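Biologist: I would like to go through this structure with you step by step, beginning with its aromatic residues. Could you take me through the reasoning behind each answer?

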Amino acid sequence: MTDQSKNPQNESLADSELSELAPGAELQQHSVDAAPIALGAVGWVRWMWRQLITMRTALQLLFLLAVASIPGSVFPQRTQSPLKVRQYFDENPTTAPILDRIGMFDVYGSSWFSAIYILLMISLVGCIIPRARVHWKSSRSLPPVAPRNLLRLRHSSTIQVSKTPSEVSQEFFPVLQKYLATKRWRTVVSELDANDPTSGYVSAERGYLRETGNLIFHLAIVVILISVAAGSLFGYRGQILVREGTSITNVLSQYDAFTPGRLFNTESLVPFNITLTDLAVTYEDTGIKAGTALDYAATISYRETPDSPLEKRTIGVNDPLNIGNSSMFLVGHGYAPRFEVRDAKGNLVFDDAVIFLPQDSNMTSTGVVKVADTDPQLGLQIIFAPTAVVTEQQGPHSLFPDLIDPKAFMSAWIGDLGLDTGRPQNVYTLDKTNLKRIGFEEIAVGETWDLPKNAGSVKLVGVDQFATFNIASDPAQNWALVGAILAIVGVIAGLYIQRRRMWVRVVTRDGQTWIEIAAMSRYEDVDVSSVVESITQFCASHFGVERFAEVTNEEKSH
Amino acid sequence: MAINESYAQISNILVYGSMGAYTFAMFSFATSFAQGRDTEINPSNGRKAGNIAMSLTWLGTFILGAGVLFRGLSASRVPWGNMYEFSISGTFGVMLVLMLISLKRDIRWLGLFIILPALLSLGLAITVLYTESAQLIPALKSYWLLIHVSAAVVSAGVFSIGGVVTILQMMVSRVENRVAAGLTPGRFEAVARRVPNAEVLDVFAYKVHAFVFPLWTFTVVAGAIWARSAWGRYWGWDPKETWAFITWVGYAAYLHARITVGWKGNRAAWIALAAFATFIFNYFIVNFFFQGLHVYSGK
Ligand code: HEM
């Protein structure tokens, strides 16, 4: 039971004090505005605006944002795993298109999600500006006038002293004021006026930084929201695979996958150039996690622009290369077996390392070799296993991700590779419409397979590695970080600092001189009583009083 | 790097040992609870058993701390690479926070209600979630991960204490409301007699939540910084990230309801519990059933 019901007078006094202390209070009242009935368009807009910037609306929007983000964690998202989205469509052919229409596969880019956070942002700004104005004024004003009867406040106490009120006012109040200043209270003294017996008091206030922190926190949320939006509009993400010993330039055509932001300009890609000199991967070789990659490191040399000097460094996991706004992250690796293909006459028609895509954690990988210069054309579909075995159930596969017993399992196809159709070609698959299979063989490094039907020969010369890099640019990410730091600093100030007011008054009761002490706080602040206690202690020891009565109304009401 | 198997075994023994100490502590708390009728009239009721329980809890917490330490030493890394390790570290976090609070205020009344879930969590860890000590996958090797997870472990501890206090508050206020309405106290009478009144619990719960909110904000930010160095983006709406955000919003809503709207008692309590539910959901459900980059539960 609170003392509200028990002490209405006290509470109504505190209430008026509270609304003065609470800068947001007058804003909250907007929520009880009735909708205008005949105000026309302007009136409606104004009314909606006022609704939007109320605390209640902001809270509802915040709650809505949380609820709206749930489906994105339940349904697969295009931006994260397009393959899983396709799989979902295959498995749920009836519901998937409906879900798609309401944006369930791209929740965080959907219009309704954006609508919520844009409204929230506007609402926040609408709240912050008036509050900042009020706070600016209040932080330069003097501590407030004391309530008429301090002992009615919830936390108060009183002591009797053997001095006259004017002595207390003239001698003690300056001492008290100095003491409070050392405790970072802002103070003002009201001199005792003979005509008004309640006029002699010290008024003090502290904790203005609470509201400052609060405003910073909410402003920081706006900064974060804008940065996230800007980053996704003006940034890009993409993936590039680079073989050991080769180099790539940061231009669109080099990417295996590229997702630009809606407002990203491809021409603004920084054309840095990277050569992968070495890729080192270490594996756990014992225990239950045998085969897990323990670490990758890519040694590269690079130029930031075509004219800048060549530099060297390694890129590790969690240790990206940053160039301008773009960053390059090592996220994976794989094998690029090197093949030599000769035609029937023994001429070398193909000599290259080919990127194979890993299919499982032991790096069983698949890839194709396309030889267009022979007649008929030749295609090889290959499973590569770094530590090869063949079993009944799984066929050829790898037992361990490192190169212990590497083998290539190849099926050879001849005919037309379909390279001239003009359709974009997938380098990782064979278009078998016009191909005929001529044989299957497994070979180890250094071995050669003489193809049937006099189609030439294939040799597995060696095995290179390749690295998978994510390249991403988020021009607003530093702003997001600034916002995050401000949010943390602000919320700490806003929650841990207490805004308190305190008064010490000298009065005459029953012909005796009494000092009354009271403190209050706008916020959840159970420790206000300790303020009263310590100031009472200070007064008591100053006047050499040993016994005093603490009148906390809280206790009286129990 | 090789795993030191004997350290891993020592760790297991210590974890079992702490469960033993906590079990005895639980019995002592229960005894204290049974004796502690009308603590307002006779505050010494159940004191002795309560003191024994607190000592045992300290003991258990030290042993558990050593168990967590040896688990880390066995793989020469911080011990939170999978859900087993996160559970023992998290439980240690809860108990450590509880012990630290106990230095400042008398919280024997809270002991029974914290130690039960702590034992449950340890039991679950060692039976269902247990994973052998092993090295981390590369993405988990980052000092931002260390910072992120340490903050998450402490937050988990404080959230849990906040949740328990909130539940107690709701029970007690039900009793108080019934009594005020002239009804019988109802089924939570036994609890209500042994813990502080609803208003005190309400303020305590608020303090706990207000303390942890900045820490959780920091946890999410540290996670974002780690994500940016590991995957190239600081926020990708991965299920784990999404639910961390939802938890953050939930507690922000609670603080708003308390501070700005002025809700007290049950209405605010429900929001706090809902926020806590999203935290638990993230830990158990999202780790096991949702696909995402963060999934490193080791199962
Ligand atoms: C339009 C939107 C918002 C408005 C109008 C608003 C308003 C307020 C107000 C008036 C307070 C002051 C409490 C006090 O008087 O001390 C406050 C506190 C707080 N707000 Fe908001 N808020 C908004 C959005 C948010 C959002 C999006 C969050 C983050 C999730 C948030 C988190 C907090 C927190 C944690 C506090 C407590 C800190 C403190 O008391 O200083 N607010 N808010």
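Modeller: Please keep in mind that this is a predicted model. One aromatic cluster is formed by Y108(A), W112(A), F113(A), Y117(A), F217(A), F213(B), W235(B), W237(B), F245(B) and W248(B).

Biologist: How many aromatic pairs are there over all chains, and how are the rings of W112(A) and F113(A) arranged?

Modeller: When the whole structure is searched, 36 aromatic pairs are found over all chains. For W112(A) and F113(A), the ring centres lie 6.5 Å apart and the planes meet at 80°. Planes over 60 degrees apart are counted in one particular class, and the pair of W112(A) and F113(A) is therefore edge-to-face.

Biologist: Is F113(A) buried or exposed?

Modeller: The ring partner W112(A) has a relative accessible area of 28%, which makes W112(A) partly exposed. For F113(A) the relative accessibility is 2%, and the cut-off for the lowest class is under 20%. F113(A) therefore counts as buried.

Biologist: Which helices of chain B are linked by the aromatic pair of Y7(B) and F70(B)?

Modeller: The rings of Y7(B) and F70(B) are edge-to-face, with 5.3 Å from centre to centre and 85° between the planes. Y7(B) counts as partly exposed at 31% relative accessibility, and F70(B) counts as partly exposed at 22%. The two residues are 63 residues apart, so that the pair links distant parts of the chain, namely helix α1 (residues 5-35) and helix α2 (residues 47-74) of chain B.

Biologist: What separates the C-alpha atoms of G20(B) and V94(B)?

Modeller: G20(B) has its place in helix α1 of chain B, and with a relative accessible area of 28% G20(B) is partly exposed. Along the chain, G20(B) and V94(B) are 74 residues apart, while their C-alpha atoms are separated by 17 Å.

Biologist: Which residues are the protein donors of the iron atom of the ligand, and why does the pair join two chains?

Modeller: The protein donors lie 1.9 Å from the iron atom, and each of them provides its NE2 atom: they are H218(A) and H256(B). H218(A) lies in helix α10 (residues 208-234) of chain A, whereas H256(B) lies in helix α8 (residues 239-259) of chain B, so the pair joins two chains. H218(A) counts as buried at 14% relative accessibility, and H256(B) is buried too, at 16%. The donors asked for are thus H218(A) and H256(B).

Biologist: What is the arrangement of the 6 donor atoms around the iron atom of the ligand?

Modeller: Six donors are placed in a regular class if opposite donors are over 155 degrees apart and all others between 65 and 115. Around the iron atom of the ligand, the 6 donor atoms subtend angles of 84 to 179°, which makes the arrangement octahedral.

Biologist: What is the order of strands in the open sheet of chain A, and which strands are at its edges?

Modeller: The open sheet has 4 strands with antiparallel pairing, in the order β5-β7-β8-β9 of chain A. Neighbouring strands of this sheet are turned by 30° against each other on average, when direction is ignored. Each edge strand pairs on one side only, and the edge strands are β5 (247-249) and β9 (311-316).

Biologist: How many bridges are there between β7(A) and strand β8 of chain A?

Modeller: On one side, β5(A) and β7 (residues 273-283) of chain A pair in the antiparallel sense over 3 bridges, and T249(A) has N273(A) as its bridge partner in β7(A). With strand β8 (residues 293-303) of chain A, β7(A) also pairs in the antiparallel sense, and there D278(A) stands opposite T299(A) in β8(A). The number of bridges between β7(A) and β8(A) is 10.

Biologist: How many residues lie between β16(A) and β17(A) in their hairpin?

Modeller: Strand β16 (residues 388-391) and strand β17 (residues 395-398) of chain A pair in the antiparallel sense over 4 bridges. T391(A) stands opposite G395(A) in β17(A). Between the two strands of this hairpin, β16(A) and β17(A), the number of residues is 3.

Conventions:
Residues are numbered from 1 along each chain as its sequence is written. Chains are lettered from A and ligands numbered from 1 in the order in which they are written. This is a predicted model: local features need pLDDT of at least 70, side-chain atom pairs count only at pLDDT 80 or more; totals for chains, interfaces and linings use all residues. Side-chain values use heavy atoms; hydrogens and water are left out. Two strands pair if DSSP finds at least two bridges between them. Axes are lines fitted to C-alpha atoms, for helices over the stretch in contact, and angles run from 0 to 180 degrees between N-to-C directions. Donors are N, O and S atoms within 2.8 Å of the metal (3.2 Å for Na, K and Ca); water is not among the atoms, so sites may look incomplete. Four donors count as tetrahedral if all angles lie between 85 and 135 degrees; four count as square planar and six as octahedral if opposite donors are over 155 degrees apart and all others between 65 and 115; anything else is irregular. Buried means under 20% relative accessible area, exposed over 50%, partly exposed in between (1.4 Å probe, protein chains only). Rings of Phe, Tyr and Trp (its six-membered ring) pair if their centres lie within 6.5 Å; planes under 30 degrees apart count as stacked, over 60 as edge-to-face and the rest as tilted.
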